[in-house]
Amino acid sequence: MEAFHHLLAGFAAALTVKYLLFALAGCVLGTLIGVLPGLGPAAGTAILIPLTFSLDPTGAIIMLSAIYYGAMYGGTITSVLINVPGEAASVVTCIDGYQMALQGRAGSALAIAAIGSFVGGTLATVALVLVATPLATLALKFGPVEFFALMVAGLCLVVGLAGKNMLAALLMTVIGLLFAMIGLDPVRGAPRFTFGIEELYDGIGFVPVVMGLFGVAELLIAAEKRQARMIQADLKNWMPTKEERRASAGAIGRGTVIGFILGLIPGVGAIVPTFMAYVIEKRVSKTPERFGKGAIEGVASAETANNAYANAAMVPLLALGIPSSPTIAVLMGAFIINGLTPGPFLFQERPELVWTVIASFFVGNALLLILNLPLVGLWAKLLKIPFSYLCTGVLIFCVIGAYGLKQSLFDVWVMLGFGIIGYLLRKLDFPIAPAILALILGPMMERSLRTTLEMSGGSYAIFLDRPVALVLLTVPVIVLGALLLRPGTFSKLRETDTD
Amino acid sequence: MRQGRLIATGVMLAFCLFALWQALLLSLTDRLGPGPGFFPFWLALIGAVLAVALLFTTFREPVDPADAEVRILPHGPGAKRWLAIVVLLAATAAAMEIVGFRLAMLVFNAALVIALGERRWWLIAVFAVLGSFGVHYIFTTWLDVLLPAGWIWS
């Protein structure tokens, strides 16, 4: 009941003109990011952080969250019209969405994607409201022992789901954690790996690294390829027929449940729920042979699961302070930049901020539906922007974002360096997501472990005395063990997943 | 591809060994418990073991003929575009403190759109000015973001 009162207060704030405008701006920019092929939500959210420098923390988080779920929707447009996913999670939408476009049904595909995204996102936010408070209350009882175990469990799940690349993912996690060690020791304040370079005393900046690994690297990969051509589609008649609406209803319901449940698990990534929703839809269909040839249920299930996942992935961040994907890690970075630490204490210390942000998810989903149904033709026109202008424009934002945070040109060099590293890692099929999550969780993990060992006088037996920590450390070991025995699980799904 | 993965893993192994050496220069424990070198030491050690294991498994993998066709470094007509982005970004980062954001970005915008294939001079000029002076005005005036002024404006 208390949560309901907080949510009402959150709505009162989220519906003020100022926050409505931030949510609207975020949705527009997010859809734009999603529409532009090759620029995913993680890069998009990181690149647009400088736009929020002058905003208050609530406004900044509202806008960046809206950019995130706006981007998750925007990817659909390119999937349907040019058969190129705007972000990894829209890969599945290409299968039937592009076929529908070839049959002259692009409008219906995009409309059902918008409706499914709205329903999935909204219902997942309702579930978030119901789940987040009890989870945060439970997490308040956690000490450093449990938090360390929780972070280890989160990272292990990310690694475990890397499939055939599990060993590489483990190595990338350790490399990410080692980069997180650069700077002042979080407990004693001693400098580490700084080599007398002043800029390194603050550590390696998370934002320049993300911009490099996702933004610059994606542009370098895109620069090598030829650009895809958009098909001429009739987007004036976008309303799906009665038959199409009936066919999609079940798919939207199932997609919501699948997306929400998988969104709660760290490391799953957006592509797994969309693929799973699609496969299940094909299994339950009486005419599975239509899938791959323009079945609207295929588009509805994947897009609904995608947006339900995006909203559900906020639960581990808000309630536990654990990011479950690189984009959520960027959002966590935005919280930290604004002097906030996401997690159970935020519910106690800044309830007005948390509930305003949650209320803004409802508002944002509604805004996306309004923006995307009648304006779909306008978004499609953006696909005609030449790569030369698009690439240069994005790089301007990258430079400002990297420089603007600390007014340091060193960070621009960091961004460029990590851009080249990210390009090579992608070409060599090394998973980047574990390194990003490790980079942001590293200092917190170290602080928790060292506090734990100080509490126990250096004895590791403390992990055996705490049942929650023991379970949290045992489960990922079992998962990793099982996946090591069956390599290849999820590997195909994860190959292109950056979220 | 396989060779590239071996080289990349070798670089990561070297990085972990370097971190291990650096961590050993810090105190691993102190009177309160684990010291500043404790966490990096164990991470670097685990990382080195993982890198060796990855080197070993990659080396033992059967050679896939399709892998031989995968080019790691940029190639073909795209290589020039790739190089233009990297070189111009580096030049901009080097010049920005001296000539300021506006001038550095003016040159960067014009040079990059030309390198990426644009030939309409008036469009290049409009884009370069808006993307440098226009963006500078918006970010410094409306969004309170400090950007390098350079010797002309300072």
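1. In this predicted model, helices H8(A) and H20(A) make a right-handed crossing. Their axes come within 7 Å of each other, at an angle of roughly 35 degrees. H20 covers residues 433-455 of chain A, while H8 takes in residues 166-180.

2. If you would like to look at who meets whom, the H8(A) side includes A:Ala169, A:Met172, A:Thr173, A:Ile175 and A:Gly176. Across from them, the H20(A) residues include A:Pro434, A:Ala435, A:Ile436, A:Ala438 and A:Leu439. By class, this contact consists of 12 nonpolar and three polar residues, with no charged ones.

3. A:Met166 also belongs to H8 of chain A. A:Met166 counts as buried because it has 20 C-beta neighbours inside 10 Å, and 20 is where the buried class begins. Its C-alpha lies 44 Å from that of A:Glu243, with the two positions 77 residues apart along the chain.

4. Over in chain B, helix H5 (residues 121-142) is worth a look. Its 22 residues reach 30 Å from first C-alpha to last, close to the expected 32 Å. H5(B) does bend, by about 30 degrees at B:Leu130.

5. Which residues of H5(B) are buried? They are B:Phe127, B:Ala128, B:Gly131, B:Ser132, B:Val135, B:His136 and B:Phe139. A helix has 3.6 residues a turn, so positions three or four apart point the same way. The buried residues of H5(B) pack against H18 (387-404) of chain A as well as H4 (78-115) of chain B.

6. One last backbone detail: B:Asp144, which follows H5(B), has a positive phi, near 55 degrees.

Conventions: Residues are numbered from 1 along each chain as its sequence is written. Chains are lettered from A and ligands numbered from 1 in the order in which they are written. This is a predicted model: local features need pLDDT of at least 70, side-chain atom pairs count only at pLDDT 80 or more; totals for chains, interfaces and linings use all residues. Helices (H or I, at least four residues) and strands (E, at least two) are DSSP runs, numbered from the N terminus. A residue is buried if 20 or more other C-beta atoms lie within 10 Å of its own, exposed if 12 or fewer, and partly exposed in between; C-beta atoms are placed from the backbone. Axes are lines fitted to C-alpha atoms, for helices over the stretch in contact, and angles run from 0 to 180 degrees between N-to-C directions. A crossing is left-handed if the near helix is turned anticlockwise from the far one by less than a right angle, and right-handed if clockwise. Two residues are in contact if their C-beta atoms, placed from the backbone, lie within 7 Å. Ala, Val, Leu, Ile, Met, Phe, Trp, Tyr, Cys and Pro count as nonpolar, Asp, Glu, Lys and Arg as charged, and the others, Gly among them, as polar. The expected span of a helix is 1.5 Å times one less than its number of residues. The bend at a residue is the angle between axes fitted to the seven residues ending there and the seven starting there.
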